Every structure is written in C-alpha cells, then in structure tokens.
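Here are my notes on this one, in the order I'd go through them with the model open. Have a look and see whether you read it the way I do.

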Amino acid sequence: MTADRNAGKSMDSVFPHLITQKDLPVLVSTSDADFSDVDAVFCCLPHGTTQEIIKGLPKGLKIVDLSADFRLRNVSEYEEWYGQPHRAPDLQEEAVYGLTEILREEIKNAHLVANPGCYPTSIQLPLVPLIKANLIEHKNIIVDAKSGVSGAGRGAKVANLYTELTEGIMSYGVTRHRHVPEIEQGLSDAAHSKVTISFTPHLMPMTRGMQSTIYVEMASGVTTDNLYQQLKVSYQDEEFVRLLEKGAVPRTHDVRGSNYCYINVFPDRIPGRAIIISVIDNLVKGASGQALQNLNLMMGFPENTGLGYLPLFP
C-alpha cells in the first residue's frame with residue numbers, strides 16, 4: 001500500500017473505518033515499495049502522474065489504472081482535454097479499455113487496463129448494445145448525469161464544503177467535462193462512425209451514487225420494447241448489470257455500496273424518442289469495483305471474487 005503525504009502512517013490512521021483490520025501494511029512511498037513479490041498493481045493516482053510511475057514498474061506486472069491516463073487511445077486528444085502531453089505513448093498502445101461487460105475477452109489478455117470513469121461506465125453500458133444493434137440514432141443523444149460528492153476525491157476544496165453543497169445542485173464541466181472524449185470514443189467504436197453527445201454533469205448533495213438519464217432518438221420503426229429486449233438479451237447472463245422490470249425506476253439507493261448497474265427504458269412523450277435511466281455507485285462499479293472485476297479477469301480468478309456485497313440500504 002503506497003502513499004504520498006501519508007507515507008509512514010498506518011492504514012487505520014488514514015481510514016479509521018479499517019481499525020478492526022489488524023494485518024494491513026503500513027503505507028510506504030512508491031519509491032520505497034518492494035515490487036519483487038508483487039503480481040498485480042492498482043494505480044489510483046491523479047491524472048498526469050500515473051504514466052511516469054507505470055513506466056518505471058517492473059515488466060510482467062498486471063496493472064489496472066484507475067486514473068484517466070490511459071483511457072484515450074489518441075494521445076493528442078489526451079493532451080487537448082487534460083492540458084499536458086502524454087508521457088507514455090508506447091504504453092498507451094498496449095492499454096486495454098476496461099469496460100468489463102463490453103470488452104471482457106480483450107481484458108483477459110491485457111497487461112495494462114485503463115479502468116473507465118464513473119460517468120462513462122453508467123452511460124456506455126446501456127448505450128453500446130443499442131448502438132451496435134442499430135436501434136438508436138447516433139445523433140441527438142443527450143445525457144443528464146448526477147453524481148455524489150465522493151467523485152471529486154477526499155481533498156479539501158471550497159466547492160465541496162458542506163455549506164457549498166447542501167440543499168443545492170451544481171452543474172459543472174458544462175460542454176468541457178473530461179469524460180466526454182472517453183464516452184464518445186466508446187460510442188463511436190460501437191457505431192463505427194463518429195458519435196457526438198450533449199453531456200451535462202451535476203454534483204448532488206449526497207456522498208455516493210450516480211444516475212445518468214439519457215435521451216435518445218430511436219431508429220425508424222423501432223419501439224422502446226425493442227430497446228428493452230435488446231438490453232435484456234445483452235445482459236441476461238451478466239451478474240452486475242441488471243435490467244429492471246418494465247416500469248421500475250432505477251434508484252441510486254438500490255445500488256449503494258455495490259458493483260451493480262441498474263438500467264431501464266421508458267417511452268418519451270416526444271414520438272420516436274426514449275429515455276434510459278442508468279444508476280451505479282460511482283465508487284464501486286464506477287471505480288474500485290470494476291477495477292477488481294477487471295483484475296479478476298486478468299488473473300484468471302472468478303470475475304465476482306471480492307465483489308459479493310449487497311447494496312447498503314437504507
């Protein structure tokens with residue numbers, strides 16, 4: 001377990017909820033870490049720092065990177081959206097995007113997996129199967145997404161203070177959120193043509209949870225029943241992606257603390273359009289849970305190892 005400013009501290013002093021776990025290692029700096037007896041690494045660092053660190057790791061390690069550093073295949077696009085040049089373009093070429101249910105076979109054989117962002121996970125899981133089946137138009141896709149505050153990390157920021165967030169909703173990253181190119185990359189891959197979306201995220205006064213409400217135009221002759229059936233076929237054998245019964249509205253409360261994604265489809269009042277609602281826990285299926293799911297695949301373990309937690313309710 002490595003750290004920067006917390007190097008030298010015990011885990012339970014940094015995360016008091018782990019005080020009952022007596023065998024956790026003391027945090028060490030990355031430069032002092034001994035990788036000689038390590039098979040796999042989770043990198044959970046800010047964007048722009050992971051590239052240099054991964055370049056310096058021993059060859060042969062299985063790596064799951066939770067930052068954005070290896071999600072965008074085009075390094076020029078990375079520089080455009082993240083404001084700095086990519087420092088490991090050779091590694092980028094071998095990185096596999098880790099949207100587990102969509103790219104399972106590629107992940108199994110990967111050395112380096114770029115774990116998806118939380119918003120891209122909640123948006124691509126319902127849309128990719130529908131685009132691949134040519135059931136929705138590639139234009140006029142509108143995404144209204146909402147996230148809990150934990151998505152912004154643990155750092156002290158004025159915008160994340162209780163008095164700034166409570167009893168209100170805040171839109172942010174309007175037209176320029178860094179998850180946009182990641183979402184469009186995945187949807188364009190599914191469509192075999194460029195897909196551009198309208199995406200607006202909102203910060204909600206809750207700790208965790210994410211909902212993406214997606215408005216789509218259906219292809220000619222397609223109904224919401226067709227969309228529902230396609231999602232049902234696509235995910236009927238998946239443990240962690242669940243299509244709810246018709247009419248049931250997905251709620252973030254119902255996936256809290258779990259690796260599940262709940263989805264449903266509704267007819268819009270505007271003819272020819274549909275509304276898709278997708279919910280996840282932004283910290284689990286949107287981050288660490290999917291990372292563990294990916295590492296399980298890479299290591300040949302059962303995919304659900306360590307992920308059998310029921311949602312926490314209420």
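1. Start with helix H3 (residues 75-82), bearing in mind that this is a predicted model. The buried residues of H3 pack against helix H2 (50-55) and helix H8 (180-191). Those buried residues are Tyr-78, Trp-81 and Tyr-82. They sit on the same side of H3, because the arc they cover around the axis is only 80°.

2. Next, the domains. The chain splits into domain 1 (2-116 + 286-299) and domain 2 (118-282). Taken over C-alpha atoms, the centres of domain 1 and domain 2 are 24 Å apart. On the domain 1 side 21 residues take part in the contact, and on the domain 2 side 26 residues do.

3. Now the inside. The largest nonpolar core holds 44 residues, and Leu-127, Phe-199 and Leu-227 make the most contacts within it. The biggest contributor is helix H6 (residues 118-132), which supplies eight residues. Worth noting with point 2 in mind: this core takes at least three residues from each of domain 1 and domain 2. There is also a second, separate core of 12 residues, with Val-41, Ile-54, Ile-63 and Ala-114 among them.

4. What does Leu-227 touch, leaving aside residues up to four places away in sequence? The list is Leu-130, Leu-135, Ile-136, Met-218, Val-222, Val-265 and Ala-274.

5. Leu-227 also belongs to the buried set of helix H9, together with Thr-224, Tyr-228, Leu-231 and Tyr-235. These residues share the same side of H9, because they cover an arc of only 100° around the axis. Their cover includes H6, strand S11 (241-243), strand S12 (261-267) and strand S13 (273-280). As for its length, H9 (residues 224-235) has 12 residues and spans 17 Å from its first C-alpha to its last, close to the 16 Å expected at 1.5 Å a residue.

6. On cysteines: how many disulfides does a search of the whole structure find? Zero. For Cys-118, the closest cysteine sulfur is in Cys-261, and at 12 Å it is too far for a bond, given that a disulfide needs the sulfurs within 2.5 Å. Cys-118 is buried, with a relative accessible area of 13%, and Cys-261 is buried too, at 0%.

7. A few backbone spots deserve a look. Asn-140 is not a glycine, yet has a positive phi of about 60°. Asn-140 lies in the loop between H6 and strand S7 (141-147) and is partly exposed, with a relative accessible area of 44%. Glu-167, again not a glycine, also has a positive phi of about 60°. Its place is in the loop between helix H7 (162-165) and strand S8 (170-171). Is Glu-167 buried or exposed? Exposed, with a relative accessible area of 78%.

8. One more backbone item: the peptide bond joining Phe-313 and Pro-314 is cis, with omega about 0°. Pro-314 is in the segment after helix H10 (284-299).

9. Last, Arg-5. You'll find Arg-5 in the loop between strand S1 (2-3) and helix H1 (11-14). Arg-5 counts as exposed because its relative accessibility is 71%, and the cut-off is over 50%. Its C-alpha is 32 Å from that of Leu-297, and the two residues are 292 residues apart along the chain.

Note on methods
Residues are numbered from 1 along each chain as its sequence is written. This is a predicted model: local features need pLDDT of at least 70, side-chain atom pairs count only at pLDDT 80 or more; totals for chains, interfaces and linings use all residues. Side-chain values use heavy atoms; hydrogens and water are left out. A nonpolar core is a set of buried Ala, Val, Leu, Ile, Met, Phe, Trp, Tyr and Cys residues joined through side-chain atoms within 4.5 Å. Buried means under 20% relative accessible area, exposed over 50%, partly exposed in between (1.4 Å probe, protein chains only). Helices (H or I, at least four residues) and strands (E, at least two) are DSSP runs, numbered from the N terminus. Domain bounds come from an automatic or database domain assignment. Contact means heavy atoms within 4.5 Å. The expected span of a helix is 1.5 Å times one less than its number of residues. The arc is that of the directions from the helix axis to the C-beta atoms.
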